[in-house]
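Good morning. I will take one structure today and go through it part by part, beginning with the ligand. Please have the sequence and the model open.

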Amino acid sequence: MNIRETNWNIAKNKSFDIAIIGGGISGAAIYKALCRQGYNVFLIDKGDFSCGTSQASSMMIWGGLLYMRKFDFVSVCNFSRDRDALIRSFSDQITSKDFRYILNGHGGRNRYLIYLALQLYWMLGKCKRERPAFQEKFEERNIINEKNDAESIIYQEGFLRQSDSRFVLDWILDHQTENSLAINYCSIQNANFNKKDKRWSLDIKDHFSGDQCTVKANMLLNCAGVWADRVNEQFGIQSPYKHVYSKGVFIGYARPDKHHAPLIFEMGKNGDALAFIPWGPVSLWGPTETMETSIEDGHSITPEDIQFLLKHASRNLDPSLAKSNIISLRCGLRPLAVKKTFNADCYPLDISRHHKIVDNADVPWISIYGGKISGCISLAEKVTRKINDKIPPRLKEIPCTDNRTEKAAWTSFPGLQGNIPAIDWCVRHEFCCTLEDYLRRRTNISQWIPRGGLGFHDENGEYLKKISSHLPESSVKNHDSHLHEYRGNVRERFDQIIEQIQ
Ligand SMILES: Cc1cc2nc3c(=O)[nH]c(=O)nc-3n(C[C@H](O)[C@H](O)[C@H](O)COP(=O)(O)OP(=O)(O)OC[C@H]3O[C@@H](n4cnc5c(N)ncnc54)[C@H](O)[C@@H]3O)c2cc1C
């Protein structure tokens with residue numbers, strides 16, 4: 001039996017202290033914090049863990065540089081404290097990294113102003129990272145368009161070592177016991193609060209088998225990211241906040257030899273910037289910032305998104321990027337928390353990226369709005385404190401309870417250096433159900449190898465077919481359907497978009 005089947009059997013008719021809806025970074029961080037205090041927690045995701053915005057970030061653990069624009073120094077202090085706490089506590093998952101702010105002598109911000117701002121940023125972060133400094137000679141100089149100055153300012157932030165999805169997944173996997181457990185590809189059909197025994201009764205449905213069961217919980221947490229409003233609406237929960245959505249798209253290219261540090265380029269408009277981020281064998285260029293009105297539109301990349309990025313790449317990078325070299329695309333919707341009455345037409349960067357925690361007055365239900373990977377620890381602490389007041393914690397602190405007793409099995413992938421976890425092991429221990437789970441979130445193959453891992457000329461098709469045989473048959477009609485379905489996704493989310501670019 002794999003971990004997903006085991007958890008389903010345990011969860012059936014079980015009673016938990018808290019149920020969390022949504023296994024992105026917010027849900028995972030709160031899940032981890034609550035498990036460590038001995039609460040019995042149930043985490044459920046309608047898709048795979050981290051299949052929402054948390055798989056599409058820039059992977060930066062930043063100290064709130066963005067807030068320097070608005071002289072919001074309190075936010076900078078708070079974000080910097082969170083960044084440093086994350087780097088300190090999770091050094092195996094997060095590393096401190098040099099970033100380069102590229103100075104643009106042609107209409108960009110004044111170089112000394114940027115230097116002073118970065119010095120202040122560093123000081124507001126209690127001088128914990130390396131001090132920012134001008135650097136004229138650096139290896140990335142030969143991949144920068146000469147229209148930019150020859151100079152950069154180097155400063156430090158945190159950066160996820162493997163990926164955003166892996167970070168989220170590991171936090172969930174760290175706590176899987178008889179008392180606290182997670183399950184993906186399941187959704188809550190009904191949630192009824194019984195005022196007599198003061199508990200929620202949740203009807204859960206498995207998306208693959210169609211099986212149903214009932215789970216009880218004293219409290220519900222809505223951590224569904226951009227879907228949080230829909231979840232609240234489904235269960236009749238009111239909130240003074242709502243989400244607006246900002247789409248962010250990256251394109252992935254083969255990483256130039258001398259690309260070591262993320263490069264930050266001013267866009268020259270709206271005070272925004274674009275980054276060129278080295279990540280394994282690729283470099284990511286982006287992200288865009290566009291306001292979207294619907295979740296569905298926000299998750300689809302348009303040829304205009306790519307054209308915008310290519311235009312800015314030709315201004316800033318040398319050689320400029322071409323559509324034929326695009327290895328991967330990456331798209332996510334930022335959940336931005338605003339008052340329910342918000343109706344302004346503004347650039348998304350002008351909307352706060354702070355989270356809001358809404359405690360419902362009528363029933364035990366907490367909704368999370370907004371949030372970032374960088375601020376996930378303070379979000380989890382605040383939510384935990386709220387819960388402590390209502391349900392006393394069982395323990396002061398319990399360690400991780402990673403029950404993966406079988407030693408990890410490693411394998412390789414054509415065209416990729418180094419080892420990756422084997423698919424059958426991910427099925428048994430890491431809730432891996434589909435090819436996309438494996439290629440996108442258990443490994444980085446779909447972002448590092450062209451066309452979702454299939455290869456520019458489909459050269460890995462047979463290999464993917466072979467490894468698909470390890471996936472649970474219950475999640476599709478038969479093994480061949482895994483590859484068929486995956487190919488369809490690559491066609492829709494990559495090939496068709498690239499074909500439309502002029
Ligand atoms: C381009 C881009 C770059 C970014 N870069 C950074 C960065 O460098 N650093 C940083 O800190 N932040 C960054 N962010 C922001 C950050 O990625 C997001 O704010 C964060 O990932 C949101 O996490 P979440 O858990 O709230 O939402 P999500 O990750 O979207 O998780 C929500 C989960 O809820 C599940 N769900 C939805 N509805 C239901 C339901 N009915 N039942 C069960 N489950 C449900 C979904 O399947 C999903 O897994 C970036 C965002 C974008 C788009």
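Strand β16 gives four residues to the shell around the ligand, the largest share of that shell. Before going further, note that this is a predicted model. Two elements give two or more residues each to the shell: α2, residues 25–36, and β16, residues 328–339. In total, 35 residues surround the ligand. The closest are D45, S54, M60, G371 and S374.

What kinds of residue make up the shell? The count is 16 nonpolar, 14 polar and five charged.

Three backbone contacts can be listed next. For G371, a backbone N or O atom lies 2.5 Å from an oxygen atom of the ligand. For S374, a backbone N or O atom is 2.8 Å from an oxygen atom of the ligand. For M60, the partner is a nitrogen atom of the ligand, and the distance from a backbone N or O atom is 2.7 Å. The ligand taken alone exposes 1000 Å², and the protein buries 96% of that area.

Where does the ligand lie with respect to the domains? Domain 1 covers 3–54, 165–239 and 360–390, while domain 2 covers 72–160 and 243–339. Both domains give residues to the shell, so the ligand lies between them.

Stay with β16 for a moment, since S328 lies in that strand. S328 has a relative accessibility of 3%, and the cut-off for buried is under 20%. S328 therefore counts as buried. Its C-alpha atom is 9.1 Å from that of G453, and these two residues are 125 residues apart along the chain.

Now compare another pair. G38 sits in the loop between α2 and β2. With a relative accessibility of 10%, G38 also counts as buried. G38 and I154 are 116 residues apart along the chain, and their C-alpha atoms are separated by 43 Å.

After that loop comes strand β2, residues 41–44. Is β2 covered on one face or on both? Both faces are covered: V41 and L43 are buried on one side, F42 and I44 on the other. As a general point, side chains in a regular strand alternate between the two faces of the sheet. Strand β2 pairs with β1, residues 15–21, in the parallel sense, over four bridges. Within this pairing, I20 has L43 of β2 as its bridge partner.

The next item is helix α5, residues 164–173. How many of the ten residues of α5 are buried? Ten of the ten are, so the helix is largely enclosed by the rest of the structure. Among them are D164, R166 and D170, along with F167, V168, L169 and W171. In general, an α-helix has 3.6 residues a turn, so residues three or four places apart point the same way. At the N-terminal end of α5, S163 acts as a cap: a side-chain oxygen of S163 lies 3.4 Å from the backbone nitrogen of S165.

One last residue belongs with this region. The side chain of N444 reaches the backbone oxygen of Q162 at 3.3 Å. N444 itself is placed in the loop between α11, residues 435–442, and α12, residues 445–448. Its relative accessible area is 11%, and N444 is buried.

To finish, go back to the ligand: the protein buries 96% of the area that the ligand exposes when taken alone, and the ligand lies between domain 1 and domain 2.

How values were computed
Residues are numbered from 1 along each chain as its sequence is written. This is a predicted model: local features need pLDDT of at least 70, side-chain atom pairs count only at pLDDT 80 or more; totals for chains, interfaces and linings use all residues. Side-chain values use heavy atoms; hydrogens and water are left out. A residue is near a molecule or strand if one of its heavy atoms lies within 4 Å of it. A polar contact is a pair of N or O atoms within 3.5 Å; within protein, one must be able to donate a hydrogen and the other to accept it, and residues adjacent in sequence count only if both atoms are side-chain atoms. Accessible areas come from the Shrake-Rupley method with a 1.4 Å probe; for residues, only the protein chains shown count as cover. Ala, Val, Leu, Ile, Met, Phe, Trp, Tyr, Cys and Pro count as nonpolar, Asp, Glu, Lys and Arg as charged, and the others, Gly among them, as polar. Domain bounds come from an automatic or database domain assignment. Buried means under 20% relative accessible area, exposed over 50%, partly exposed in between (1.4 Å probe, protein chains only). Two strands pair if DSSP finds at least two bridges between them.
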